[in-house]
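The following exercises concern helix packing, strand pairing and solvent exposure. Please consult the sequence and the structure before reading each solution.

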Amino acid sequence: MTSLLETPVPAAADALTLRRGAARVLLANWTGGSTVPSRGLYPHQWSCDSAFIAIGLRHLSVRRAQRELESLLGAQWSDRRVPHIVFSPAVSLDAYFPSPDFWRSSRAGAAAGAPAGTETSGIVQPPVHALAAWLVHCADPETSRRRGFLPRVYGRLAAWHDYLTGPRDLGGGLAAMVHPWEPGMDNSPCWDGPLERVEPAAPGSYRRADLDHGQPAERPTDLDYGRYVRLAADYRDGGYADAGGGHAFAVEDACVNALLIASEHALARIAAETGGDPAPHEERAARLTGALVERLWSPAEGMFLSRDLVGGHLIAERSVAGIIPLIVPGLPPEIVEALIATTAGDAFRLGSIPMAPSYDVTGHAFDPSRYWRGPAWFNTNRLLERGLRQYGRTATADSLRTSMLAAAQAGDFAEYMDPFNEQARGARDFGWTAALTLDLLAAGRPEEDPARTDGPSNGVKA
């Protein structure tokens, strides 16, 4: 079998075929106001997915990319959180679990400001949204300004960041996540230790709809799922309140906070573009960067680790979340060099295998097929590609881009893939895989970088 590392960047004709295939996926998954990640497995709107999808969708339709973000932000709670799922009333309750009748957001979340007319989940996902909004704007600044896109979303995005750095700062100066679904890497081995404290929900109290569409060997175990349900039910029954502590699961995740920093830099650009003051966003990005290094950097591991706030220690598991902070501008040079070395080292082997795995391939819990316990994902690898390029590792970034495009073509835009044999895993025709394929096919432009300080180009105002 030919390794994807040996496959050249698609020629013009192949690139056109790949573009058409990715466009087909996004058009098929479009519901009229947003894009579902997968028609079968994920039939609603997901927060993080919509941000990544908008980044790719801008290459097909800027207006549709804007609508993707606007529809999500339209379900924002008055306490400023952006929920991780916005449910479609057209989808039957048994199509996905936990369904709206489990979350009961309009009732259980009323005190926290859940919208009365839209059912959502009560937890959150990583804050990619401001970065996505800036990139969507950059795709067509004239249309963006004519439609008032950035002024419409800026206040909501700023409020979202205020929520993460306010109620979700549980004392460490970083945003904390209170459920394994929130960091986006649901069943990562990083959460095994913290989850041991959680008594799982009784097996007969819920039905796993995900197994109607996914192979059990590729999905979280029943034990893990029971713990997810218990945590979500307890959070719901507490009115989705963040204050007062008492969370059985509370972690500071490196990827979440790196994305928050990158999006804070994007908010600075958005503020300047809309006539506001970028300084508060720049200052908060700097504070968060300092806290990220102080609290989550492990010199011994050469990467960032997650911090268990209940147990009061760093979690000694190496996941891809710990190298994604390469997207953060202005890291100390010694940290950048260590991160680069770690990406190519025994744990992630970037350069000797096609794409970075989601978990240390030498780790005790590594599984090349099971969800976030080893497979390679397009969103994390796209972030790594961006970070490598930011710090001048162009050759490594180019090689990763080549591997990703080849994997997209060979795997029918799969949700994730085995990092060694390139076999597709999870759902096919997956939204963010198709979207990020489009983004990789379109050469990045320097004015899109929200951390640039040397001014814009192509008519983009600073």
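Three exercises with worked solutions follow.

The model is predicted: local features need pLDDT of at least 70, side-chain atom pairs count only at pLDDT 80 or more, and totals for chains, interfaces and linings use all residues. Residues are numbered from 1 along each chain as its sequence is written, and side-chain values use heavy atoms, with hydrogens and water left out.

**Exercise 1.** Determine how helix 8 packs against helix 11.

Step 1. Helix 8 spans residues 149–165 and helix 11 residues 254–273 (helices are DSSP runs of H or I, at least four residues; strands are runs of E, at least two; both are numbered from the N terminus).

Step 2. Their axes lie 10 Å apart at an angle of about 145 degrees (lines fitted to C-alpha atoms over the stretch in contact; angles run from 0 to 180 degrees between N-to-C directions).

Step 3. The residues in contact (heavy atoms within 4.5 Å) include Y154 and H161 of helix 8 and S263 and E264 of helix 11.

**Exercise 2.** Establish the strand order of the open sheet.

Step 1. Four antiparallel strands follow the order 3-4-7-8 (pairing requires at least two DSSP bridges).

Step 2. Strand 3 (176–177) and strand 8 (313–314) are the edges, each pairing on one side only.

Step 3. Strand 4 (residues 251–252) joins strand 7 (residues 307–308) through two bridges, and V251 faces D308 of strand 7.

**Exercise 3.** Is P89 buried or exposed?

Step 1. P89 belongs to the loop between strand 2 (85–86) and helix 4 (100–103).

Step 2. P89 is classed as exposed because its relative accessibility is 84% (buried is under 20% relative accessible area, exposed over 50%, partly exposed in between; 1.4 Å probe, protein chains only).
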